[in-house]
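User: I would like a close look at one part of this structure, explained step by step. Please start from the part itself and then move to what surrounds it.

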Amino acid sequence: MLVLVAPGQGAQTPGFLTPWLDLPGAADRLGAWSDAIGLDLAHYGTEADADAIRDTAVAQPLLVAAGLLSAAALGDVSPGAVAGHSVGEITAAAFAGVLDDTAALTLVRKRGLAMAEAAAITETGMSALLGGDPEVTIPHLEKLGLTPANVNGAGQIVAAGTLEQLAALEADKPEGVRRVVALKVAGAFHTHHMAPAVDSLAKAAEELAPGDPKLTYVSNKDGQAVATGAEVLSRLVGQVANPVRWDLCMETFKELGVTALVEVCPGGTLTGLAKRALPGVATVALKTPDDLDAARALIAEHQN
């Protein structure tokens with residue numbers, strides 16, 4: 001059973017879209033999306049520096065566009081389930097037929113702008129904690145006033161809060177945590193700091209007409225499969241201010257009988273988690289078009 005997954009913010013790197021635009025039709029598709037959302041995706045994906053693509057309002061549509069482009073390059077794919085991490089959930093919603101590509105890009109552009117605006121209210125950020133026991137780590141974070149914003153499984157939790165709170169975490173790591181790594185994001189996503197963005201996103205969602213998922217869509221909220229487009233959209237709205245439970249998504253993959261996982265561009269993060277949490281599951285991360293052949297071979301062997 002094949003699972004197709006899409007990464008979240010922080011996976012982007014300068015120039016990562018450059019080789020993808022050499023594929024037939026890719027530049028035209030990206031240009032049409034850029035016109036639709038008023039953002040030059042080709043510029044940001046090929047020429048912009050790390051600071052420019054760290055901007056939430058840029059990074060989020062760029063990641064969804066990259067996921068859609070790379071998935072299209074795979075050809076005909078029929079995964080047993082789809083899921084995305086954080087903003088990758090919008091990419092996954094497009095994979096499942098809940099939103100068409102333009103609607104997904106329109107929604108994520110509004111999401112990025114709303115979250116950037118919310119992030120500007122207070123200086124906040126996120127840091128990944130590597131190692132440790134969640135039963136020890138989570139109470140320690142809460143004691144410091146931090147939120148366990150991403151519970152990723154495989155020994156990784158991402159803390160979010162003010163820069164002062166994150167500095168206190170650096171000085172006072174939970175027992176068993178090996179490292180604390182600051183992430184390339186511009187705010188405390190999936191926390192109460194993002195509450196102002198929820199209302200903006202709810203208004204944007206009202207303009208959409210979602211379809212019901214044609215594939216099993218696994219939600220970050222609780223790792224459960226969601227049956228209706230309306231519920232997917234509702235969860236996408238609320239999710240910006242609530243923790244990502246990728247650990248529970250991977251538990252659901254296990255229950256569904258996953259044997260292979262392909263992560264769309266810019267892949268790497270979710271396949272890394274899968275290698276630790278889903279031993280025996282074959283994985284391919286799409287980083288450049290050079291990875292397409294390996295992904296197609298895996299898909300042919302494992303898809304339903």
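How many of the residues of strand β4 (residues 147-153) are buried, and is the strand enclosed by the rest of the structure?

Analyst: The model is a predicted one. Seven of the seven residues of β4 are buried, so the strand is largely enclosed by the rest of the structure. Buried here means under 20% relative accessible area.

Start with the sheet that holds the strand. β4 belongs to an open sheet of four strands, in the order β4-β5-β3-β6, and the pairing is antiparallel. In general, the strands of a sheet pair through backbone hydrogen bonds, either parallel or antiparallel. β4 and β6 (177-182) are the edge strands, and each of them pairs on one side only. From one strand to the next, the twist averages 25°. So β4 is an edge strand, and yet seven of its seven residues are buried.

The partner of β4 is strand β5 (residues 156-162). The two run antiparallel and are joined by five bridges. Two of the facing positions can be named: T147 stands opposite A160 in β5, and N150 stands opposite V158 in β5. Together β4 and β5 form a hairpin, with two residues between the strands. In the turn, A154 has a positive phi of about 55°. As a general point, the side chains of a regular strand alternate between the two faces of the sheet.

Next come the helices that lie across the sheet. Helix α7 (residues 134-143) lies across β3 (124-131), β4, β5 and β6, and runs at about 5° to β5. Helix α8 (residues 163-171) lies across β3, β5 and β6, running at about 135° to β5. β4 is thus among the strands that α7 lies across.

Another helix to consider is α12 (residues 269-277). Its buried residues are L270, T271, G272, L273, A274 and A277. They pack against β4 and β5, and also against β1 (2-6), α11, β9 (260-263) and β10 (282-285). The buried residues of α12 are therefore in contact with both strands of the hairpin.

α12 in turn packs with helix α11 (residues 246-256), at an angle of about 60° and with the axes 11 Å apart. The two helices are therefore oblique to each other, and their crossing is right-handed. On the side of α11 the contact is made by W246, M250 and K254; on the side of α12 it is made by L270, L273, A274 and A277. These residues divide into six nonpolar, no polar and one charged. L270, L273, A274 and A277 also appear among the buried residues of α12.

For comparison, take a helix elsewhere in the chain. Eight of the eight residues of helix α5 (residues 88-95) are buried, so α5 is likewise largely enclosed by the rest of the structure. The buried residues of α5 pack against β1, α4, β2, α6 (101-119), β7 (216-218) and α10 (229-238). β1 is also listed among the elements that the buried residues of α12 pack against. Just after α5, G97 takes a positive phi of about 80°.

To return to the strand: β4 has seven of its seven residues buried, is joined to β5 by five bridges, is one of the strands that α7 lies across, and is packed against by buried residues of α12.

Terms used:
Residues numbered from 1 in each chain as written. Predicted model: local features only at pLDDT ≥ 70, side-chain atom pairs only at ≥ 80, totals over all residues. Heavy atoms only, no water. Axes fitted to C-alpha atoms, helices over the stretch in contact; angles between N-to-C directions. Parallel < 35°, antiparallel > 145°, perpendicular 65-115°, else oblique. Left-handed = near helix turned anticlockwise from the far one by under 90°. Contact = heavy atoms within 4.5 Å. Nonpolar A, V, L, I, M, F, W, Y, C, P; charged D, E, K, R; others polar. Buried < 20%, exposed > 50% of the residue type's maximum accessible area, 1.4 Å probe, protein only. Pairing = 2+ DSSP bridges.
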